[in-house]
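User: Pick one spot in this structure and give me a proper close-up, working outward from there. Please spell out the cut-offs as you go.

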Amino acid sequence: SSEIAVGIVADFPESYMYLREVELERWEMSAEEIYEHARTNLAGLSQSLQLQMAGEGKDVLVAVASGDGYDAARILLPEFQEFLAAHLGETFRFGVPNRDFLICWRLDCEDDFHQQMAKQVGADSSERPYPLSSSIFVRNSEGNIHEQANG
C-alpha cells in the first residue's frame, strides 16, 4: 500500500526513536541486520500476547490490541502469520487501521461479515490515534501480502 511504510524503532523506557541510516552507520549494522534484530525482539514481545477471538463458523475474527504500540507490526512476523493461518485458513484478510490494532478474518467469510469488518477498519483508521490504513489486505498461502482491490 502507498499508505504504509515499515520503520524500525529503538524503544526506550520513556520514549522511542525511529532509526535512520545514520544510526545504522554509527552502530555498524546493515538494514537487514537491524530488521532481523527488530523482528526477533517483536517476536519475543509477542510470546505472551492476549488475542481476542470472536465469531463462529466462517465468520471468525482474531484481533490484537495489546496497547504496546506494535500490534499492527505483528502481521510482519512469519510465525504470527502461521498462527493466524492455523485459525483462519492459509489465506486470510486483515486490516491495520492504526498502529495499536490488528484485525484478521477468514477469506471465505460471509460477505456481510466482510463488509462489517471493512467498515470497522475504515472507522478505526479515521477516528483512532496513529492511523495507518483504511485498506483491507490479503495474506495468501505463500505468505505474500497484497492490498485487496475494492469491490
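Analyst:
**His114 and its surroundings**

The side chains of His114 and Trp105 make a polar contact at 3.2 Å. A polar contact here is a pair of N or O atoms within 3.5 Å; within protein, one has to be able to donate a hydrogen and the other to accept it, and sequence-adjacent residues count only if both atoms are side-chain atoms. Before going on: this is a predicted model, with local features needing pLDDT of at least 70 and side-chain atom pairs pLDDT 80 or more, while totals for chains, interfaces and linings use all residues. Numbering runs from 1 along each chain as its sequence is written, and side-chain values use heavy atoms, leaving out hydrogens and water.

His114 is part of helix α4 (helices, H or I with at least four residues, and strands, E with at least two, are DSSP runs numbered from the N terminus). With a relative accessible area of 7%, His114 is buried (buried is under 20%, exposed over 50%, partly exposed in between, using a 1.4 Å probe and protein chains only). Setting aside neighbours within four places in sequence, His114 is in contact with Arg93, Trp105, Cys109, Ile136 and Gln148, where contact means heavy atoms within 4.5 Å.

Follow Gln148 next. Gln148 sits in the segment after β8 (145-147), and its side chain has a polar contact of 2.9 Å with the side chain of Arg93. Beyond four places in sequence, Gln148 is in contact with Arg93, His114, Ile136, Phe137 and Val138. So Arg93 and Ile136 turn up in the contact lists of both His114 and Gln148.

Arg93 also leads into the nonpolar part of the model. Cys104 touches Arg93 along with Val60, Leu61, Val62, Leu84, Leu88, Phe92 and Phe94, again not counting residues up to four places away. Cys104 is also one of the residues with the most contacts inside the largest nonpolar core, which has 20 residues; others in that group include Phe80, Leu84, Leu88, Phe92, Phe94 and Leu102. A nonpolar core is a set of buried Ala, Val, Leu, Ile, Met, Phe, Trp, Tyr and Cys residues joined through side-chain atoms within 4.5 Å. The elements giving two or more residues to this core are α2 (31-45), β4 (59-64), α3 (78-88), β5 (92-98) and β6 (101-106). Helix α3 supplies the largest share, four residues. There's a second, separate core of 10 residues, and this one includes Phe101, Cys109, Met117 and Ile136. Two of those, Cys109 and Ile136, are contacts of His114.

Phe80 gives a feel for the big core. Phe80 lies in helix α3 and is buried, at a relative accessible area of 8%. Its contacts, neighbours up to four places away aside, are Leu49, Leu51, Val64, Arg74, Ile75 and Leu102. From Phe80 to Ile136 is 56 residues along the chain and 18 Å between C-alpha atoms.

Now the rings. The structure holds four aromatic pairs. The rings of Tyr16 and Tyr18 have centres 5.8 Å apart and planes at 80 degrees, so that pair is edge-to-face. Tyr16 counts as partly exposed at 40% relative accessibility, and Tyr18 as exposed at 55%. For Phe92 and Phe94 the ring centres are 6.5 Å apart and the planes at 55 degrees, so this pair is tilted. The rule behind these labels: rings of Phe, Tyr and Trp (its six-membered ring) pair if their centres lie within 6.5 Å, and planes under 30 degrees apart count as stacked, over 60 as edge-to-face and the rest as tilted. Phe92 and Phe94 are both buried, and ring pairs link them with Phe137 into a cluster. Phe137 is also on the Gln148 contact list.

One last ring: the charged end of Arg99 sits over the ring of Tyr130, 3.6 Å from its centre (NZ of Lys or CZ of Arg must be within 6 Å of the ring centre and within 35 degrees of the ring normal). Tyr130 lies in the loop between α4 (111-127) and β7 (137-139). Tyr130 counts as partly exposed, at 45% relative accessibility, and has a positive phi of about 55 degrees although it is not a glycine.
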